[in-house]
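User: Please examine the structure below with me, taking its side-chain pairs, surface and helix packing in turn.

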Amino acid sequence: MTDRVLSRDENAGGGVQRLKRNAVGTFGVIFMAVATAAPITAMVGNVPIAVGFGNGSHAPAGYLVATIVLGLFAIGYATMAKHITATGAFYGYISHGLGRVMGMASGLIITMAYIVFEGSLIGIFAYFFQNLFASQLGITIHWLIPALLMLVLNCVLTYFDVNLTAKVLGVFLITEIVMLALGALAVLFRGGGPEGFAVAETLNPIGAFTPAAIAGASAGLGLFFAFWSWVGFESTAMYGEESKDPKRIIPRATMIAVLGVGIFYIFVSWMAIAGTGPQQSVELAQDPATAGDIFFNPVRSTYGEWAITVFNILLVTGSFACGMAFHNCASRYLYALGREGLSTGLQKTLGATHRTHGSPYIASFVQTGITLVLILAFFFAGMDPYVHLYTLLAILGTMAILIVQSLCAFAVIAYFHFHKNHPSSAHWFKTFLAPLLGGMGMLYVVYLLWEHKDAAAGAASGTLLFKLTPWIVVGVFVIGALLALYFKLRDPRRYELIGRVVFDDSEIRD
C-alpha cells in the first residue's frame, strides 16, 4: 500500500486523491471525536450555566436526556456508516438519503460550522491561556498571541499523518478525563456532600424539564447546554477513509463516543453538584466569579491547591485539543467538497492530498487562512476572545450542525426504507424509529437554541454578528441548494458527482 492512494472512481469521472489508508485505529478515531466535545471545557463551562440559569441541580438529568436522544441518533448514524464510508460524512449521507440538492446544501453549512468552530475554540483557548499566565506567572499577554500560536500549531499538526494528531489529542484527552474523574471519585468515595449523593435532586429525568427556582431560569437553556456539550462527536465518520477497518471501527467508535461521553458527563456533573450541595451549587453558579467552584471546591478540599493549578492548565490543553480536532474536521470537509470534480481547479487544490503524509494539506492551509481572517476581524473590532470570539462563533456553528444532524437522521430513514438500500440492514428500530426519535429530538434542540439564543450569547447578544447568525445559516444553505440545482440544469454529469466519492470497500466485516 503506497502512502498516497490515487484512484479513479467509476462515478467520479476523474482522478481522486485519497487520504492515507490504514492510518488510525479505533482509539485514534475515538480520541479525535471526543476531543471535539472537549470534556473539561464542556463540564466547567456548560454545567454552571445549566445549574445557575437552566434546570438547576437537575443539570445531570439534562445530560441523561441528551445521552438518550443522541444515542438514538447514533444508532441510525452508525448503521449508515457500515455502508457509506466518506470523509464528508454528513455531506455524503444526506446526499444518498435525501438527494443531491439537500446534500450540497447541508455540506456547505456543515463545512461552515466546522470552520467557525476552530475560531471559537481559539477564542476560549486564548482566554484560558491569558488567565493561566496572569494567575501563575503574573504575566499579562494579549490574547492575540496565544490565538495565533494555536492557529499555527493546528496547521502544522494537520500537515502530517493523521496518526500524529490522534496521538497528541490522546495525551491531552486522557489528562483532562483523569482530572475530572479525580474530582468526581473524591466525592464518590467520601459518600457525597452535605446532602449525600442527592439522587432525587440531580438525576430525576423529570427535573431536566423543570427550571431552577430562580427568576428567569429556563429548563430549555439547561437542556441546550447539555446537548451543546456533545458537538463534534459525529466526526467519527469523517475519519473512515483513514481508519484501518472503517466498516467496523466507525460504528463502534461512534457509539462509544456518544454513550461513553454521556455516562461520563452524567457522573461528573452529578458528583460535582452532590459534592458542593444542590442549593449551594445553584448559588455559586449564578456568579461568574464563583461558577467554576462547583468543580474546583471538591478538588481543592480533597487534593489541595496544586490540583486547581493542574485543572487550569488542563483547561488550556483541553481547549487546544478541541480546536485542533475541529481544524482536522474543517480541513476534511473542505477536501471532501473539493475532490469531487465539480471544479477541476478545486479538485487539484482543495481535493489534493500530501504525497507522503496522505493529509489534506492544501485544505488545511485554506482553513488556516479563513480562521486567521476571523481572528483578525474580531481583534480589529476590539472584541473579547471569550465573550465574542468563542460565544458568537460557537452559537453560529452549533445552529448549523444541529440542523444538519436532524437532516442526517431523516436521511438514514430515507436511505434504508424509502430508497430500499441494503434491505438486510433495514430494521424497524435501528434505521427507522431510533433515527426518527433522534432527529425529532435534534429539531427540538434547534428550537431551544432559537428560544434561548439571547441568554446563550450573554453579553454578545447585541452584536451585529449575533443578529445575522440565523440568516448566515439560511443563506449558506440556500447557496448550496442553488449550486446543486445549477449543476442539475446546466451540467448533469457534474450533478451526478455530488456526495458520490466514497471509500470503495463495500464489505461489512461482522
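User: Is E305 buried, partly exposed or exposed, and what is its relative accessible area?

Analyst: Buried means under 20% relative accessible area, exposed over 50%, and partly exposed in between (1.4 Å probe, protein chains only). E305 is therefore partly exposed, its relative accessible area being 47%.

User: What kind of model is this, and how are residues numbered?

Analyst: Residues are numbered from 1 along each chain as its sequence is written, and side-chain values use heavy atoms, with hydrogens and water left out. Local features need pLDDT of at least 70, side-chain atom pairs count only at pLDDT 80 or more, and totals for chains, interfaces and linings use all residues, for this is a predicted model.

User: Which residue meets E305 in a salt bridge?

Analyst: A salt bridge is a side-chain nitrogen of Lys or Arg within 4 Å of a carboxyl oxygen of Asp or Glu. The N to O distance for the partner of E305 is 3.0 Å. That partner is partly exposed at 29% relative accessibility, and it is R300.

User: How many salt bridges does a search of the whole structure find?

Analyst: Side chains of opposite charge can pair when their charged atoms come close. One such pair is D491 with R494, at 3.0 Å from N to O. D491 is partly exposed at 22%, whereas R494 counts as buried at 18%. The search of the whole structure gives a total of four.

User: How many residues apart in sequence are the parts tied together by E496 and R100?

Analyst: E496 forms a salt bridge with R100, with the closest N and O atoms 3.1 Å apart. E496 lies in the segment after α20 (492-495) and R100 in helix α5 (residues 100-137), so the parts that the pair ties together are separated in sequence by 396 residues.

User: Is R100 buried or exposed?

Analyst: Its partner E496 is partly exposed, with a relative accessible area of 41%. R100 has 15% relative accessibility and counts as buried.

User: In which helix is V156 found?

Analyst: V156 joins V152, F160 and L164 in a nonpolar surface patch of about 310 Å². V156 counts as partly exposed at 42% relative accessibility. Its helix spans residues 144-159 and is α6.

User: Are α1 and α10 parallel, perpendicular or oblique?

Analyst: The axes of helix α1 (residues 26-37) and helix α10 (residues 246-276) come within 9 Å and cross at roughly 45°. Angles under 35 degrees count as roughly parallel, over 145 as roughly antiparallel, 65 to 115 as roughly perpendicular and the rest as oblique. The relation of α1 to α10 is therefore oblique.

How values were computed: Helix = DSSP H or I, 4+ residues; strand = E, 2+ residues; numbered from the N terminus. Patch = residues over 30% accessible without salt bridge, like charges linked within 9 Å, V, L, I, M, F, W, Y side chains within 5 Å. Areas by Shrake-Rupley, 256 points an atom, 1.4 Å probe, with all protein chains shown as cover. Axes fitted to C-alpha atoms, helices over the stretch in contact; angles between N-to-C directions.
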